[in-house]
Structures are given as C-alpha cells and as structure tokens.
Amino acid sequence: MISLRYTQFSRRLGIAALALTASTNAAPPSAPHSQWVYPDTSGKLIYRTLESGDRILDFSYAGYGGGGVAIPSLPVKATVAPSGEDDTPAIQAAIDTVSKLPLAHGVRGAVVLAKGHFHCQATLNIQADGVVFRGSGMDEGGTVIEMTGDPHLAISVAGQNSIKADGPSTTISDAYVPSGSASLSVRDATLFHVGDRVQITRPVTPEWLHQMGMDTLVRNGKKQTWIAGDLKTERTIAAISGKKLTFDVPLADSYDVHYLGPNGASITRVEHTGQISQVGVENLRLVAPARSVTLNDKHFNGLQMNNVVDGWVRNLRIFDTTEAVGIGKDARRITVQQVDVTQSKPIVGNAKPADFSANGTQVLFDRCSATGDSVFYIAVGPGMQGPNVVLHCVFHGNGHIQPHQRWSTGILIDSCQVPEGGIDLMNRGAMGSGHGWTMGWGVLWNNVAKSYLVQMPPGAANWAIGNRGEQILGKLPTFDPGPELPMLPQGIIDSQETPVAPESLYLEQLKQRLGAQALHNIGY
C-alpha cells in the first residue's frame, strides 16, 4: 500500500517528443510490469492499493453490452436512394416507417442509404428501439451525407428518459468506500433485491469543497461555483449478503463519511422509462461546410446520442463539423468504433470544441482518429462517473485529450497517440466558469504524446503508467492578481518512457473477466 503523499516526491521528467508510427505504443515482449497493476505467476492481474484501499478501476465494463459483446448486424428493412434535392424528408420517412415495425428480439431493422451523395438540410432523428441508420460505405464512393442549409445537428439518436424513485432511500454505512470497489454496506438492505437499478447520491458539502480547494475559485473578482447540489451515479445490484450490496460494475469514485455531511450518501431504487436501446449509426461519410466560426456561433454538428442503453457508432468519416460525436449524460454501454474526424479550419477564439465527448458512462472509444488544431479530441463533461475508455486512438494536431470540468471520475486513456498535442488530467481552476478539478481516478496507460499534465486531486489519484512524452507540472489556473501560486502535486507516474505489459490494460482486463472470445467479439 502507498500513501497519497507519494506524489510529493515525484520529479519532473523532460522528454523530447518522438517520431511516431502506428506501432509506437506497443510494449516489447520483455516489457516490465507496472507496480500498480501486474500479473501474478498464473497471469492473473494483481492490483496494488493506496493506503485508503483505493485501486485502479476494472475498466472492462465499458462498451456496447457492458464490454466484450459483438455489435449485431440488423436486417435491412428500408432503402433510400439520393434524389439530387433535399433528402431529409425521404430519409426521415424511412426511419419513421422502420420505427413502427414490431420488435423482434429487441430489434426492428436497418434503414440503408444507397451509394451516392445525399443532401440534408435538417436533423435526422432516431427515437425508437432497435433501429439502425446505415450507409453503404464511408469512402468517397460510398454513402456521403452533405449538410446543407442553416447550421444544424446531422443525426440525433435519442430516447425520452424519465427517472423516478421506486421506494424509500437508505444510506451508506461504511466509513469509507474505496474507488474501484464493487460493493458497499447500507443501513437497510431489505429495501432492495438482486436486479434492482439503484442511484447513489453523493451530496456536495462545504467540507468536501474545502478539501478539494474549490471553495475559493475567483475570476475577475467574482466567486466561481465549481459544483453545487449533488453527484449521482447508477448501478445494478448483482448480489446481496446481509447489509452488503454488490454491483454489476465497480464504483469509479470513493465515498468518505467525513465529507458527506450529516445525512451521508444515499441509495435509492429507481425506475427508468423512455430510454431506447439496440440503436446505431454506421458505414457512412458526413460532410459539413468548412467554416471559421467561434464557439458561440451556430454550428454544423455531427451526431449526438442521448438516453440510450446499448448503442453504437461505427465506421464513420466526419468532415468539418464543429463537434463530431457527443455521447450524452443519460447514455451508457456505448461503443464508438473506427470513427475518423477531420477539421480543415480551426475554431476562432480561446474556447475549444470537442471532436468526441463522453458525458455518459461505460462508453468505449475504440480505434478512432482525428486531425485538427485548437480542439479537444476527447472531452468529458461534469459529474460523470465511469468507467469510460479511449483505446488505440490516434489524434494529430495541437489539440488535447482533456476531461473538461467539474469532477468526473474513472477514465482510461489506453495505448493512444497524440504526437503533436497533450493528454491532461488536471485542475482547470478558474478556467471556463470555474471548471476546477476535472478528473479523479483516471489512468493513462502506454500512450505517446508531446506532453502530459497529470495532477493529484486531494483525497483521490490519477495515474500515468508506461507513457512516452514530457511530463510537465502546472499551477492552479487563475485570472486574478495575487501571490505566486505553487505547482500542484503531480499524479502517480510509473515506468515513464518505458511501456509496460500488458500492452492494453482494457483488453487484458476484458480477457480476464470474460475470456479470449470477448476480444474477438470486438475485433481483437
């Protein structure tokens, strides 16, 4: 075990950026092991813990079906050819027709666009279970959707989620629940049954804000609010033993009674209605007009997926949308696979868009890529608890992978390349409107980047293991005059400049949980 004070002794490592190839991340056969996750003599992964019992999360639950599940190929139920005019009404009519078909084993079927150039002036909407929107190829000779008319979102895949409490609440009885745990104890377990979906609510207290150093944020002389209210996450109960609840997915944050207020963290059985599932978008090219705009202008955006459980986006090429793929906060078990984004004109101004945004949970970005400047290649919104994973992605330009604001937890950046940009798990301080600490319990594993800014949140941790590139230090960002601020503590740096085995943490965790077939199911 190790104390959080570990990082006080970390030193700055200045490493020149290297020329990269697609195989740059690979750990050699004789690669060393991390001291934080390593195989025992039988090959089983062993997890070292912090002094408080926290450990690196099992991220293998990210992705469609909860990880390791093959994405289905739905039967064709409607086909649309390009008209030479606005194709939005014809495509939407086909989607609506398929959406009214009866469900068969949870699916309805695919709307397929023929090869050719389609013109769309408005958003295409998928709002029913079991509907897939499929093109006939993502190259220039396949299906090309050209966004025309006024700025708009190209594709929306969205349910109408409603959530309500389905019984009384109880509270966590443990004094401390470590991050990475799959179980906790409650004061009254008789309220629950195996299979219940429960919401865990953590109050945002003055004590916790003070511990995090987030109660003194100021910009231009005005107090900034980092987080107010509470933080919520959901799990499904897999087992009950006495007062101990075991969940289907490990927790990506810790719960410390000293910072939870007099009432503590609560657990409530909840019921969802309106979410949709078994939906996807695949095999097409999306092209927006190339424009120089600010983040406050109206935009051509690519695809958004909200209120979805078990969905996917795969085999897309997206050109010149301001933001390409957004996974919303009420989406879970989503795979975004082999999506390539190109931005020919950067945003104007300091505020940056995101090519890919992960605002849901159990989201897997797999073998995606992007080219562009002044952009967040991957961004994470506020208050989201993982696991979320970015795997084998390649991003070119002066952008960053950067969880963006207000305490999300549990992200793994695994075997990715950002050769001209950076990867940051940091405190953004007064940036934005008081973004503050962006990420806790995050892991950077065997990546290559120009730079890394990995910082240590109070009472939490971020790890950088087996990475190549310059590890830098940073102060709390501020816009107001005052005394010189010290460097913030660096996160846990392990095996810097030397990749570790296993080459991919996510794939090894998935293999150990579900077997080698799970890797084959997702294309490995």
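Strands are DSSP runs of E of at least two residues, numbered from the N terminus. The model described here is predicted.

**Cavities**

The count comes to 2 cavities of 30 Å³ or more. The table sets out their volumes and the classes of their lining residues.

| Cavity | Volume | Nonpolar lining | Polar lining | Charged lining |
|---|---|---|---|---|
| Largest | about 160 Å³ | 8 residues | 5 residues | 4 residues |
| Second largest | about 100 Å³ | 5 residues | 4 residues | 3 residues |

In the largest cavity, with a volume of about 160 Å³, 17 residues form the lining, and Arg 291, Thr 321, Thr 322, Gln 343 and Lys 345 are the closest to the centre.

The second largest cavity is lined by Ile 200, Arg 202, Leu 231, Lys 232, Thr 233, Asp 253, Tyr 255, Gly 383, Met 384, Gln 385, Trp 407 and Thr 409. Two or more of the lining residues come from each of β13 (197–203) and β16 (230–241). The largest share belongs to β16, which gives 3 residues.

**Strand β33 and its partners**

How many of the 9 residues of strand β33 are buried? In this strand, residues 417–425, 8 are buried, and the strand is mostly covered. β33 pairs in the parallel sense with strand β31 (residues 400–403) over 2 bridges. In that pairing, Ile 401 is opposite Ile 423 of β33. A parallel pairing also joins β33 to strand β36 (residues 448–454), here over 6 bridges. Leu 425 stands opposite Val 454 in β36.

Notes
Residues are numbered from 1 along each chain as its sequence is written. This is a predicted model: local features need pLDDT of at least 70, side-chain atom pairs count only at pLDDT 80 or more; totals for chains, interfaces and linings use all residues. Side-chain values use heavy atoms; hydrogens and water are left out. On a 1 Å grid over the protein atoms alone, a cavity is a set of points where a 1.4 Å probe fits but cannot get out, and a pocket is an open set with protein on both sides within 12 Å along at least five of seven lines; lining residues have an atom within 4 Å of a point. Grid points are joined across faces, edges and corners, and a volume is the space filled by probe spheres set on the points. Ala, Val, Leu, Ile, Met, Phe, Trp, Tyr, Cys and Pro count as nonpolar, Asp, Glu, Lys and Arg as charged, and the others, Gly among them, as polar. Helices (H or I, at least four residues) and strands (E, at least two) are DSSP runs, numbered from the N terminus. Buried means under 20% relative accessible area, exposed over 50%, partly exposed in between (1.4 Å probe, protein chains only). Two strands pair if DSSP finds at least two bridges between them.
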